[in-house]
Each structure stands twice: as C-alpha cells, then as structure tokens.
Amino acid sequence: MQNMQMTGGFRLKVSAVVLALDALSGASVPGARVMIVGEAKLPERKNDGFFVFSNVERDEALIVAEAPGYFPASARVMLGSLSPLEPVLRLRLSPHAPPNGAALIIGRALDARGDVLPGACVRVREGRRLRLMADAKAGDGLLRIFTLAGEDLGGLGLLLETEEGQFPLQLLGREEEGYRLAFPLPVNAARASAKLWRVHQAYAGNDGRFGVALRVDEEQTVLIEPEHAESTQFVLTVGGIFDVGDIAPAAKVEDTLPRTKGNKKKKGR
C-alpha cells in the first residue's frame, strides 16, 4: 500500500490505515466506524474494509474503532512510526456475545464522583508470557516474537518488562522480519531476560461500558489495569461472561465473578 495518493491534483499523504477485526475470529467487522479522538477529519472507507486517514497534522493519535454488536477498541500510535509501505493498524473489537470456549470480561468505568467515564482506556493483561526470538535495541521498529503456528498478534498490545521497568507496546502487523511497533522500542530488550505479556486494550463507550474477549484454553491469571483506577486480578479457568462491576478511582473492583470452577479472586496490587 503506497503512502501517497493524488486526488484532484492535490497530493494526499496517508497518515494511518485502520482495519477493524473481530477479536476472536480475526474477520473484518461489518458496519465499523473509526475515528481519531480529537480529530474532526474522518477517514475514507475502502471497499476492502480499510479506513484511510490522510494528511493528519499530529504526531501521536488515539485511534478508536466501534461497531454494532461489539465493544469499542483503541490504540495509541505514533503516526510517523507507521511503515510507509504498509501503515496498517489492526484494532480487535470484542463481540457482545462470545462463542463457546471464549471469555468476555465486561465492566463500567466511573469517575471519582460516580459518573460514567466515556473514553476511559482499560487494559486486560493475560497471565501467559511471550518470548523474544532475538535481542532488540532501543529505537528498533520491529520485534521478533515466538508465536504458535498460524497465530497472528497484529493489533494486540504488549507489556515489556526489563531491568529498567515496564513499558507498554502496541503491535501493528506482522512483517517478514517480525512485528511492526506503533512506537519505536524505548529500551534495550535482551532475549534471555525480557518479559512480555499480551495486552488487550478496551475503550469505554458513551455509557462507560467496556469489554474484552479472549480465548480460554488453560487456567491463567488475568490482570485488569484501568488508566484511571486501581488494578485487580483474578484466575480464569472457564469461558463465559464475567462482569467486574464498576471501576472508579480510589475504589476496588467489586468481586462479582462466580466462585465456581476455580474463578478465584486474588488481591489486587
């Protein structure tokens, strides 16, 4: 995909291309809408499901996708770091009704007064870790990661932990040498010692509701990390819909998860 287009004699620079995908099936989501928060300019929708933003005059952007029957998804990207030949960001939307074998974690974001908080970002971190295939250096735009055959991590977030601290990352898509990052790597990451976790980033809708769907094939600890409130975690062993209740600053998430089959609540950080 070229990053320059000619329209009516004017040169358009492609700032970002967004593809809204079902978080579980990977299929393109029909009826999706995509926007850059705080940007009046809307994207051009192509017949193949891509949304193209052109001539966006900002370096960093929070891009949100929403669709009927799905919870919104978001990602924060540095537009200048997108690949000029393939500037595609994949956003994974979680369906309201997950299929068998999947879990849907839902909740509502509130502010300190108890009012709904539209636009709140909530990260859900999986407990299983990923591994690097090779050392990476600060400033790199690609990351080589071990994955299962046929697995595509494009559109997921990551949390990288090194001796220098923890750093959120955003994967755009898979390329021949690895996964393209939305931001250049902020620190060196040694293959032997760096730790990586999958992160799903939800975006609260106008009613404050958010949701994240993920596959459940073995017991794992899931950590809910709102940007505006305290974190909490629980052990997930079965599929189904789990409501973590209202999340507000200076308030712990209420334990509304069923206590059957090992859904054991752990103390939050």
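Is Arg76 buried, partly exposed or exposed? Arg76 counts as partly exposed, at 37% relative accessibility. This is a predicted model. The structure holds 12 salt bridges. The largest pocket encloses about 880 Å³ of space.

**Largest pocket**

- The lining of the largest pocket is made up of 41 residues.
- Nearest the centre of the largest pocket lie Arg92, Glu151, Leu153, Leu156 and Arg198.
- By class, the lining residues split into 16 nonpolar, 13 polar and 12 charged.
- Strands β2 (10-22), β8 (73-78) and β9 (88-95) are among the elements that each give at least two residues to this lining.
- β11 (121-130), β16 (195-203) and β17 (209-215) also each give at least two.

**Salt bridge Glu60–Arg76**

- Glu60 pairs with Arg76, and their closest N and O atoms are 3.7 Å apart.
- The pair links distant parts of the chain, with Glu60 in strand β6 (residues 60-66) and Arg76 in strand β8, 16 residues apart.
- Glu60 has a relative accessible area of 37%, so it is partly exposed.
- Arg76 is partly exposed because its relative accessibility, 37%, falls between the 20% and 50% cut-offs.

**Salt bridge Glu225–Arg123**

- Glu225 pairs with Arg123, with the closest N and O atoms 3.5 Å apart.
- Glu225 sits in strand β18 (residues 220-226) and Arg123 in strand β11, so this salt bridge ties together parts that are 102 residues apart in sequence.
- Glu225 counts as buried, at 5% relative accessibility.
- Arg123 counts as buried too, at 18%, because buried means under 20% relative accessible area.

**Salt bridge Arg209–Asp243**

- Arg209 pairs with Asp243, and the closest N and O atoms are 3.6 Å apart.
- This pair also links distant parts of the chain: Arg209 is in strand β17 and Asp243 in strand β20 (residues 240-247), 34 residues apart.
- Arg209 is partly exposed, at 25% relative accessibility.
- Asp243 is partly exposed, at 29% relative accessibility.

**Salt-bridge network**

- Asp111, Arg113 and Asp115 are joined into one network by salt bridges that share partners.

**Aromatic rings**

- Arg125 lies over the face of Trp197, at 5.0 Å from the ring centre.
- Arg131 lies over the face of Phe146, at 4.6 Å from the ring centre.
- The count of aromatic pairs comes to zero.

Key:
Residues are numbered from 1 along each chain as its sequence is written. This is a predicted model: local features need pLDDT of at least 70, side-chain atom pairs count only at pLDDT 80 or more; totals for chains, interfaces and linings use all residues. Side-chain values use heavy atoms; hydrogens and water are left out. On a 1 Å grid over the protein atoms alone, a cavity is a set of points where a 1.4 Å probe fits but cannot get out, and a pocket is an open set with protein on both sides within 12 Å along at least five of seven lines; lining residues have an atom within 4 Å of a point. Grid points are joined across faces, edges and corners, and a volume is the space filled by probe spheres set on the points. Helices (H or I, at least four residues) and strands (E, at least two) are DSSP runs, numbered from the N terminus. Ala, Val, Leu, Ile, Met, Phe, Trp, Tyr, Cys and Pro count as nonpolar, Asp, Glu, Lys and Arg as charged, and the others, Gly among them, as polar. Rings of Phe, Tyr and Trp (its six-membered ring) pair if their centres lie within 6.5 Å; planes under 30 degrees apart count as stacked, over 60 as edge-to-face and the rest as tilted. A charge sits over a ring if NZ of Lys or CZ of Arg is within 6 Å of the ring centre and within 35 degrees of the ring normal. A salt bridge is a side-chain nitrogen of Lys or Arg within 4 Å of a carboxyl oxygen of Asp or Glu. Buried means under 20% relative accessible area, exposed over 50%, partly exposed in between (1.4 Å probe, protein chains only).
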